[in-house]
Amino acid sequence: MASNIPNVEDIMVKNVASATLPGSRDEVLSILKDKKVSGVPVLKDNKVVGIVSRTNILKNPEEEQLALLMSRNPITIQVGASLKEAARLLYEKNIRRLPVVDEHGHLEGLITTADVIGAIADFDIETPVAEYLSSNVYVLWSETPLPVVSLLMDLADVKACPIVDSTLNLVGIISDRDVVGSSIIEDRVEKSDMSAGDDDDSWTWESMRDTMSIYYSVSSVKLPTDKFAKDIMVSELITATKISTVSSCARKMKRARIDQIPVVGSDGKLEGMLLDRDLLKPLIDME
């Protein structure tokens, strides 16, 4: 099977959506929503200098400058590298996308975890997924307010959470994509008072100092407080069992364009979560 594993350039996306310095948060949000992607490379002189994702925006809701939002010095991969090497980097570095560059650092393409999963779907890896399930599963209640959903996902550092109702039945799933899709940009005006007096002028009474008020506009990404997990969750679930095979689950992810699958028992109760990155390990271990 190892001889049939393709190289990075065989499956990478060549026409890559990207942001360019200098840039703004609003420009990035527009790209993410229009292109339906979760993150893009940031370029300067066609060289990759950063990565900006939904997570960057959610963690820095009041920052507007792209240079301050992006993650600098991103991990990249060379054209000609093997898919197995790409899977290893994605898994070990816990990242979701790898800019593909030439020897000069110029952007040639992008390979994501989803692209690798698409390739794994075409392999015949019959190993049950039980041994690859994520060890930690973070579950949210369907009545959790949306800002709390975002906070808990951020603190747990997870991209998706299964949602249960008060009887502990699995009723949906929420990803960071759903959270960002519900965000709004809130504008407000703030005031700053600047005294024209000098603190060294001891003869200047506080009440007599000239004061100049400056008003400036500030915008930030906010989540509505009147929405709950149940309002944005995906309720039409694709599930798997512990005996489902690696390649069959990869095919489910590829067809539905999802990056996680709840794993349920015979009674339909939640038993775990299978993340797309969990399916990278069988490829890495392949001889």
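Me: What makes up the area that this chain exposes, and how big is that area?
Reply: In this predicted model, the chain exposes about 15500 Å², and 49% of that comes from carbon and sulfur atoms.

Me: And what share of the residues is called buried?
Reply: That's 43% of the 287 residues. The label goes to residues with under 20% relative accessible area.

Me: Why is Arg277 said to sit over the ring of Tyr91?
Reply: Look at the distance: the charged end of Arg277 is 4.5 Å from the centre of the Tyr91 ring. The cut-off is within 6 Å of the ring centre, along with being within 35 degrees of the ring normal. The 4.5 Å fits the distance part, and the pair is listed as a charge over a ring, so the name applies.

Me: How many aromatic pairs are there, then?
Reply: Zero. Ring centres have to lie within 6.5 Å to pair, so a count of zero says that no rings of Phe, Tyr or Trp pair by this rule.

Me: What makes up the lining of the second largest pocket?
Reply: There are 19 lining residues, and Leu58, Lys59, Ser150, Leu151 and Asp154 lie nearest the centre. Helices H3 (54–59), H7 (146–156) and H8 (176–181) and strand S12 (211–222) each give two or more residues. H7 gives the largest share, five residues. The volume of this pocket is about 390 Å³.

Me: How many helices and strands does the chain have altogether?
Reply: It has 11 helices and 14 strands.

Me: What share of contacts between residues at least 6 apart in sequence joins residues at least 24 apart?
Reply: The share is 61%, where a contact means heavy atoms within 4.5 Å.

Definitions and conventions:
Residues are numbered from 1 along each chain as its sequence is written. This is a predicted model: local features need pLDDT of at least 70, side-chain atom pairs count only at pLDDT 80 or more; totals for chains, interfaces and linings use all residues. Side-chain values use heavy atoms; hydrogens and water are left out. Helices (H or I, at least four residues) and strands (E, at least two) are DSSP runs, numbered from the N terminus. Buried means under 20% relative accessible area, exposed over 50%, partly exposed in between (1.4 Å probe, protein chains only). Accessible areas come from the Shrake-Rupley method with a 1.4 Å probe; for residues, only the protein chains shown count as cover. Rings of Phe, Tyr and Trp (its six-membered ring) pair if their centres lie within 6.5 Å; planes under 30 degrees apart count as stacked, over 60 as edge-to-face and the rest as tilted. On a 1 Å grid over the protein atoms alone, a cavity is a set of points where a 1.4 Å probe fits but cannot get out, and a pocket is an open set with protein on both sides within 12 Å along at least five of seven lines; lining residues have an atom within 4 Å of a point. Grid points are joined across faces, edges and corners, and a volume is the space filled by probe spheres set on the points.
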